[in-house]
Amino acid sequence: MWFLNLIPESYIQLAVNGILIAGAILVFLSFFVINRILMRWPTLAAYHLLVQFLSLALLVAGVYFKGEYQIEVEWRHKVDEA
């Protein structure tokens, strides 16, 4: 993706780490805190699985982006060496 070369590495790293940390926090909250709160109200109880699924999806996306970012950094360093 050519447009990533236009963005400084620090901004990309900040976005990737932000997504990863947000996903980890939301997974913890959705499985241990929000789950218990939502189950008390029958009208909101139907949404607890949706919240858990979306938080897991955000965590998986964060892990994927972190791996892709590390590969991108390695390639940038190889290009700088050459």
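This passage describes how two helices pack, the nonpolar surface patch they help to form, and a salt bridge in a predicted model.

Helix α1 covers residues 9-38, and helix α2 covers residues 48-81. Their axes come within 8 Å. The crossing angle is roughly 160°. Angles over 145 degrees count as roughly antiparallel, so α1 runs roughly antiparallel to α2. The crossing of α1 past α2 is left-handed. Sorted by class, the contact of α1 with α2 contains 18 nonpolar residues, nine polar residues and three charged residues.

A nonpolar patch of about 1200 Å² lies on the surface. Its aromatic members include F28, F31, F32, W41, Y47 and F53. V33, I37, L44, L50, L54 and L56 also belong to the patch. Both helices contribute: α1 and α2 each supply at least two of the patch residues. The largest share comes from α1, with five residues. F31, one of the patch residues, lies in helix α1.

Charged pairs were also examined. Side chains of opposite charge can pair when their charged atoms come close. Two salt bridges are found in a search of the whole structure. One of them joins E9 and R76. The closest N and O atoms of this pair are 3.7 Å apart. A salt bridge requires such atoms within 4 Å, so the E9 and R76 pair qualifies. E9 sits in helix α1, whereas R76 sits in helix α2. The two residues are 67 residues apart, and the salt bridge thus links distant parts of the chain.

Note on methods
Residues are numbered from 1 along each chain as its sequence is written. This is a predicted model: local features need pLDDT of at least 70, side-chain atom pairs count only at pLDDT 80 or more; totals for chains, interfaces and linings use all residues. Side-chain values use heavy atoms; hydrogens and water are left out. Axes are lines fitted to C-alpha atoms, for helices over the stretch in contact, and angles run from 0 to 180 degrees between N-to-C directions. Helices (H or I, at least four residues) and strands (E, at least two) are DSSP runs, numbered from the N terminus. Angles under 35 degrees count as roughly parallel, over 145 as roughly antiparallel, 65 to 115 as roughly perpendicular and the rest as oblique. A crossing is left-handed if the near helix is turned anticlockwise from the far one by less than a right angle, and right-handed if clockwise. Ala, Val, Leu, Ile, Met, Phe, Trp, Tyr, Cys and Pro count as nonpolar, Asp, Glu, Lys and Arg as charged, and the others, Gly among them, as polar. Patches are made of residues with over 30% relative accessible area and no salt bridge: like charges are joined within 9 Å, nonpolar side chains (Val, Leu, Ile, Met, Phe, Trp, Tyr) within 5 Å. Accessible areas come from the Shrake-Rupley method with a 1.4 Å probe; for residues, only the protein chains shown count as cover. A salt bridge is a side-chain nitrogen of Lys or Arg within 4 Å of a carboxyl oxygen of Asp or Glu.
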